[in-house]
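User: I should like a close look at one part of this model, namely the larger architecture of one chain and the elements from which it is built. Please give a single connected account.

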Amino acid sequence: MSRLVLRRLAISVSLVFAVSLLTFLLQSLTPGDTARTILGTNYTPEGYAQLRQQLHLDQPVLTRYWDWLSHAIRGDLGTSPISGLGVGTEIANRLGVTLALVLGTTVVATLIGVALGVLSAVRGGVLGRAVDVLSMVGFALPSFWLALVLVLLFAVTLRVFPATGYVPFLHSPAGWAQSLVLPIAALAVHGIAHLAKQTRDGMLDVLSRDFVHTLRANGASESSIIFRHALRNAAIPVVTVVGLMLVSLLGGTVLVEAVFAMAGLGGLAVQSTTQHDLPMIQGVALTFTLIVVVVNFAVDLAYGWLNPKVRAR
Amino acid sequence: MRPLRAFRRPLSVAAVAYLGIVLVAVIFAPLLAPYDATDGDLDHVLSGPSALHPLGTDNLGRDVLSRLMYGGRVSLSGVAEAVLTVLVLGVLSGLLAGFLGGWVDRVIMWLVDVVLAVPVIVTLLVVLAVVGSNETAAMIALGVLGSPLLTRVVRGSTLAVRQELFITAARVSGLPNRSIALQHILPRIAGPIIVQASIFAGAALLTETSLGYLGLGTQPPTPTWGGMVADASTVIDQQPWLLVPAGVVIGLSILSFGLIGDALRDAGARQAPPRRRKVVAVASSEAKPEPGALLSVHDLTVTLPRSEVDTVVVEGLDLRIEPGEVVGLVGESGCGKSITGRALLGLLPEGGQVTRGAIHFEGRNLAGRRRSELRGLRGSGIALISQEPLSCLDPVCTVGRQVDELVRRHEGGNRKQVRARTIELLGDVNLPDPERTVRRYPHELSGGMAQRVLIAMALAGRPKLLIADEPTTALDVTVQAEILELLRKLRAETGMAVLLISHDWGVVADLCQRAYVMYAGHVVESASVDELFDGPLHPYTAGLLGCAPRRARPGRRLPAIPGTVPDPRTWPAGCHFAPRCPMATEACAAAAIPLFEPATGHETRCIHHTQVKGGENAAVA
């Protein structure tokens with residue numbers, strides 16, 4: 001287990017460095033820079049040079065990277081030259097929305113996906129084929145399109161859920177929940193499809209193994225075989241899929257936040273992309289990478305918990 | 001992989017046809033499109049489908065069908081760029097890692113791990129923020145981020161192919177590495193590469209349209225599929241129809257890529273057997289239980305689905321076990337011994353059924369009952385131990401929990417009582433230090449220890465009959481002897497009967513009082529073990545006995561019965577053993593052979609039984 005944790009830690013640290021360094025290197029390769037974006041088209045060479053100096057853009061790229069890194073390690077992600085806001089503060093303000101979406105979707109998709117998978121593996125027949133169809137359709141539907149259809153149905157036509165916006169939990173828990181229903185539904189379909197299929201395939205595989213036959217032959221109850229033994233064995237690959245889903249949900253939130261006009265990190269990423277606000281997008285990328293690192297770490301711990309062979313290592 | 005087989009399914013044909021139509025429409029858009037993509041018809045703004053505009057118009061009166069055709073040029077060439085990047089990077093790095101191994105492999109796999117952990121969309125946003133709205137750059141970046149999955153596939157396949165003989169031969173003959181990789185390995189692993197590329201194409205299209213929706217790829221007025229959804233979203237309350245064309249085209253395209261990938265992959269894999277859940281046909285229950293017998297089986301006939309046809313694998317089997325008796329069921333692999341054992345437990349494989357006969361256990365007929373009806377009997381009436389003990393234990397559950405579960409099921413009690421009984425059981429099967437063993441996981445046990453645990457599990461319900469299906473086959477010789485000794489001791493202590501399924505005469509002679517010899521679904525001979533050894537009355541028995549290594553004579557070749565057990569679908573009409581039998585005559589093949597009983601308690605299914613000579617010469621070459 002400790003070897004596994006160390007290996008994961010090494011990958012995580014190199015990942016954080018790689019993403020942040022890559023962002024810096026990409027910046028240095030491109031014509032035009034933040035100074036020009038701020039100044040617009042009318043500027044004097046002196047003013048431009050002064051601003052570049054002010055933003056440390058005249059320094060070599062590795063110096064700037066080191067500068068950014070040494071600040072970032074102390075929690076200072078710099079200031080957006082476009083809006084003048086602190087990158088760290090801005091991210092902290094918006095993190096809640098994104099986390100609510102990502103974690104909410106993970107919980108919903110895992111519960112429904114695993115339940116569907118188990119049910120279809122055990123019952124088979126029509127339900128099994130339904131899960132097959134659902135997983136194909138779920139893979140193919142773009143979340144942003146699905147989100148729009150949900151808005152059309154439940155917000156524009158039926159008016160049961162708000163079409164846009166996010167209500168902070170502390171303002172009104174009921175409003176918070178309501179504002180999350182449609183975005184989470186749009187995001188969860190893909191994950192449900194993936195998880196239902198993975199759970200079903202995994203359960204069918206485990207249920208055909210020798211130890212299930214032995215347990216059955218010696219009188220173990222069917223519910224114990226399904227939940228205590230088969231599901232626990234099938235859970236190992238399912239956890240991998242949950243981890244992958246969480247990571248891809250970070251991308252999904254970018255789109256769904258755009259559809260529902262929610263002020264989360266995804267919206268911030270898109271906004272700073274269009275504005276060439278590099279310190280901001282650097283901060284967002286770092287935050288997302290850190291979330292990925294934490295998720296992968298949690299997945300590895302879950303492996304160890306589920307699989308005694310991994311734990312022993 | 002047989003690609004053609006992949007396209008027998010109507011869905012995959014539809015997927016290929018759909019993608020073909022889309023490709024043609026998109027490539028020849030300038031010729032085929034009814035309107036220019038950017039020309040607005042301001043007289044028909046936001047019209048639904050009409051004769052003039054088959055898919056309607058958008059908020060600027062532009063023809064939706066034409067925009068879809070032109071928009072596909074952007075989306076699909078983006079997908080092509082990404083897929084090409086994945087192919088180049090993934091195949092190269094995978095071949096290098098798999099073929100060269102060593103530090104090259106380690107560096108590449110480390111990179112794979114790092115890149116796989118990168119959040120894709122955000123990284124694409126960073127790229128777009130830096131290079132501006134350059135779709136090609138974004139799609140190439142997507143290809144870079146997607147390539148590790150292909151690297152893994154190619155590396156895995158390369159490793160597998162590299163082990164094969166012809167590659168070694170090519171190396172020995174001095175062919176350079178590059179030609180080996182390109183000429184010999186690449187063609188062999190093309191299948192998995194195509195599958196992966198097809199699946200990735202779907203993901204790439206999803207990402208491309210997502211970027212288009214966010215307005216980050218190719219800029220207006222050039223139409224893109226994602227951009228069309230974005231346009232539709234602004235007028236969602238005025239003309240919801242606009243969501244349909246772009247959404248359906250995107251969804252169907254992604255679906256088609258996925259379907260083609262699935263079909264190709266399934267064509268490469270072995271086909272899974274069809275899963276069916278049929279209620280077991282009700283068998284005739286006219287036969288009366290034999291008085292005094294613990295188990296009496298009469299005329300048991302079992303079918304299993306083979307290539308979707310129900311095939312008889314056990315035919316007209318009679319079997320009788322007295323309380324406390326140890327009975328052997330002997331034969332080569334594939335004779336139907338294990339299936340007989342499973343039929344007794346009501347646990348035939350999926351699709352298998354008892355079509356005829358009766359299974360009386362303690363006077364009750366078990367044949368033809370559903371799996372669930374026999375649940376109460378399993379473990380407490382009849383229990384099972386089988387071969388491959390390590391795969392018969394749940395790998396993620398401690399030994400203690402697995403035994404506990406069965407103890408609780410059969411005897412109940414609180415946690416402490418259950419655990420105490422578990423430890424007692426583990427002691428009964430001579431496991432050293434039961435208190436420590438309960439906390440162990442299966443992978444920490446040896447085969448012999450695992451078999452002892454399984455015996456303890458089987459004993460948890462204090463069964464009256466234990467079916468031991470090749471209980472020592474997978475074990476070392478010394479451990480075999482210990483397990484047999486343990487079974488003998490347990491039988492003496494508990495008085496349970498044992499049905500020992502084995503191909504090993506030594507094991508049978510060691511433990512059993514009587515034995516049934518099975519060949520190709522039939523019982524061909526049954527008698528006390530002594531009689532079988534001293535005077536077999538069926539050429540198959542005689543042949544089997546001659547083959548037993550323990551009876552071999554030094555300096556002489558170990559004999560073997562020529563030929564193999566026939567497949568159940570090709571059983572001959574008469575004696576099933578006739579094609580391999582040195583004594584076979586025309587009469588043997590003419591009609592089914594009944595059981596004869598030349599001596600009390602000694603039955604044989606051979607018309608020439610008076611001529612069968614004992615020991616090691618009869619059917620042996």
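Which domains does the domain assignment of chain B give, and where do they lie in the chain? Please concentrate on the sheets of chain B, and describe the side that touches chain A as well.

Analyst: The model is predicted, and every value below is computed from it. For chain B, the domain assignment gives domain 1 (76–267), domain 2 (295–511) and domain 3, the last of which is made of two segments, 514–550 and 557–611. The C-alpha centres of domain 1 and domain 2 of chain B are 50 Å apart.

The overall dimensions of chain B provide the setting. Its radius of gyration is 34 Å, whereas a compact globule of 621 residues would have one near 25 Å. Along the principal axes, the C-alpha atoms of chain B fill a box of roughly 105 × 65 × 65 Å. Of the 621 residues, 48% count as buried. Among contacts in chain B between residues at least 6 apart in sequence, 68% join residues that are at least 24 apart. The secondary structure of chain B comprises 22 helices and 12 strands.

Two sheets deserve separate treatment. One is an open sheet of four strands in chain B, ordered β2-β1-β4-β5, with antiparallel pairing. Its edge strands are β2 (309–321) and β5 (364–365) of chain B, each of which pairs on one side only. Strand β1 of chain B, residues 295–306, pairs with β2(B) in the antiparallel sense over nine bridges. Within this pairing, Val297(B) has Leu319(B) of β2(B) as its bridge partner. Helix α13 of chain B, residues 337–345, packs on this sheet and touches β1, β2 and β4 (353–361) of chain B. The direction of α13(B) makes about 75° with that of β2(B).

The other is an open sheet of eight strands in chain B, with the order β6-β7-β8-β3-β9-β10-β12-β11 and mixed pairing. Strands β6 and β11 (596–599) of chain B stand at its edges; each has a single partner strand, so one side of each is left without a neighbour in the sheet. On average, and with direction ignored, neighbouring strands of this sheet are turned by 20° against each other. At the β6 edge, β6(B) pairs with strand β7 of chain B, residues 465–469, in the parallel sense over four bridges. There, Ile385(B) has Ala468(B) of β7(B) as its bridge partner. Helix α17 of chain B packs on this sheet, where it touches β6 and β7 of chain B. The direction of α17(B) makes about 170° with that of β6(B).

Two residues in loops of chain B call for comment on their backbone conformation. Glu470(B) lies in the loop between β7 and α18 (477–494) of chain B. Its phi is near 50°, a positive value in a residue other than glycine. Glu470(B) is buried, with 21 other C-beta atoms within 10 Å. Asn430(B), in turn, is found in the loop between α15 (415–428) and α16 (434–437) of chain B. Although Asn430(B) is not a glycine, it has a positive phi of about 65°. Asn430(B) is partly exposed, with 16 other C-beta atoms within 10 Å.

There remains the side of chain B that touches chain A. Here 61 residues of chain B are in contact with 60 residues of chain A. The elements of chain B that give two or more residues to this side are α5 (102–116), α6 (120–131), α10 (190–214), α11 (225–234), α12 (243–268), β6 (382–385), α14 (399–411) and α17 (447–459). The largest share, 10 residues, comes from α6(B). By residue class, this side of chain B divides into 39 nonpolar, 13 polar and nine charged residues. Two elements already met in the eight-stranded sheet region, the edge strand β6(B) and the helix α17(B) that packs on it, are thus also among the contributors to the side that touches chain A.

Chain A itself has 13 helices and zero strands. The C-alpha trace of chain A spans about 85 × 55 × 35 Å along its principal axes. Of its 313 residues, 42% count as buried. Residues 24 or more positions apart account for 73% of the contacts in chain A with a separation of 6 or more.

How values were computed:
Residues numbered from 1 in each chain as written. Chains lettered and ligands numbered in written order. Predicted model: local features only at pLDDT ≥ 70, side-chain atom pairs only at ≥ 80, totals over all residues. Rg over C-alpha atoms; globule rule 2.2 N^0.38 Å. Buried ≥ 20, exposed ≤ 12 C-beta atoms within 10 Å, placed from the backbone. Contact = placed C-beta atoms within 7 Å. Domains from an automatic or database assignment. Nonpolar A, V, L, I, M, F, W, Y, C, P; charged D, E, K, R; others polar. Pairing = 2+ DSSP bridges. Axes fitted to C-alpha atoms, helices over the stretch in contact; angles between N-to-C directions.
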